Amino acid sequence: QVQVVESGGGLAQPGGSLRLSCAASGSIFRMIVMGWYRQAPGKERELVANIFMHGGGTNYQDSVKGRFTISKNTAENTVYLEMNSLKPEDTAVYYCNARSYTPDLKMMDTWGQGTLVTVSS
């Protein structure tokens, strides 16, 4: 099994910053891609940003480009999301996703429990 644990959510003022961390552990042969998704009340879960753990390629949702930065520590199967210039519409539960190969070469998607980010004055 693979476990994914997020940390770093909380309350920020508009224009402020927060940093999220996500660490994956367990039966991981090779991590493929890790990413952050978010779900606001009454809305569907959406991709915020992801990063390929061995190539370094990234994808961002248009609304966060230039404000959020995803980074990684491949050796530790850890990703970070630096969120700057936060807006009230960034308020959501942020979930980390880890896509990996298990030792028997099966692809597995694992979700964290989520961390709440609230942007409010």
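**Note on the predicted model: contacts, strands and disulfide**

1. Met-83 touches Gly-16, Ser-17, Leu-18, Leu-20, Arg-67, Phe-68, Tyr-94 and Val-117, leaving aside residues up to four places away in sequence. The model is a predicted one, and Met-83 is a convenient place to start reading it. Residue Met-83 belongs to strand S8, which covers residues 78-83.

2. The largest nonpolar core has 29 residues. Met-83 is among those with the most contacts inside this core, together with Met-34, Trp-36, Leu-81 and Tyr-94. At least two core residues come from each of S1, S3, S4, S5, S7, S8, S9 and S11. As a general background, nonpolar side chains in soluble globular proteins tend to be buried together.

3. Which strands make up the open sheet, and in what order? Four strands form this sheet in the order S1-S3-S8-S7, and their pairing is antiparallel. Strand S1 (2-7) and strand S7 (68-73) are the edge strands, each pairing on one side only. On average, neighbouring strands of the sheet are turned by 15 degrees against each other, with direction ignored.

4. Within that sheet, S7 and S8 run antiparallel and are joined by six bridges. One position to check is Thr-69, whose bridge partner in S8 is Glu-82.

5. How many disulfides does a search of the whole structure find? The search finds one. This disulfide joins Cys-22 to Cys-96, with an S to S distance of 2.0 Å. The torsion about the S-S bond is about -80 degrees, so the disulfide is left-handed. Cys-22 lies in strand S3 (residues 18-26) and Cys-96 in strand S9 (residues 92-101), so the link ties together parts that are 74 residues apart in sequence.

6. Are the two cysteines buried or exposed? Cys-22 counts as buried because its relative accessibility is 1%, and the cut-off for buried is under 20%. Cys-96 is also buried, with a relative accessible area of 0%.

7. Strand S9 has further partners to follow. Nine bridges join S9 to strand S4 (residues 30-39), and the two run antiparallel. In this pairing, Val-33 stands opposite Arg-99 of S9. S9 also pairs with S11 in the antiparallel sense, over three bridges. There, the bridge partner of Tyr-94 in S11 is Thr-115. Tyr-94 is also one of the residues with the most contacts inside the core, and Met-83 touches Tyr-94.

8. Strand S4 pairs with strand S5 (residues 46-52) as well, in the antiparallel sense and over six bridges. Met-34, another of the core residues with the most contacts, has Ile-51 as its bridge partner in S5. The hairpin of S4 and S5 has six residues between the strands. In this hairpin, Gly-42 takes a positive phi near 80 degrees.

9. Strand S11 (residues 115-119) has two distinct faces. Thr-115, Val-117 and Val-119 form the covered face, while Leu-116 and Thr-118 form the uncovered one. In a regular strand the side chains alternate between the two faces of the sheet. Val-117, on the covered face, is one of the residues that Met-83 touches.

10. A parallel pairing is found between strand S2 (residues 10-12) and S11, which are joined by three bridges. In S11, Val-117 is the bridge partner of Gly-10.

Notes. Residues numbered from 1 in each chain as written. Predicted model: local features only at pLDDT ≥ 70, side-chain atom pairs only at ≥ 80, totals over all residues. Heavy atoms only, no water. Pairing = 2+ DSSP bridges. Axes fitted to C-alpha atoms, helices over the stretch in contact; angles between N-to-C directions. Disulfide = S-S within 2.5 Å. Buried < 20%, exposed > 50% of the residue type's maximum accessible area, 1.4 Å probe, protein only. Core = buried A, V, L, I, M, F, W, Y, C linked by side-chain atoms within 4.5 Å. Contact = heavy atoms within 4.5 Å.
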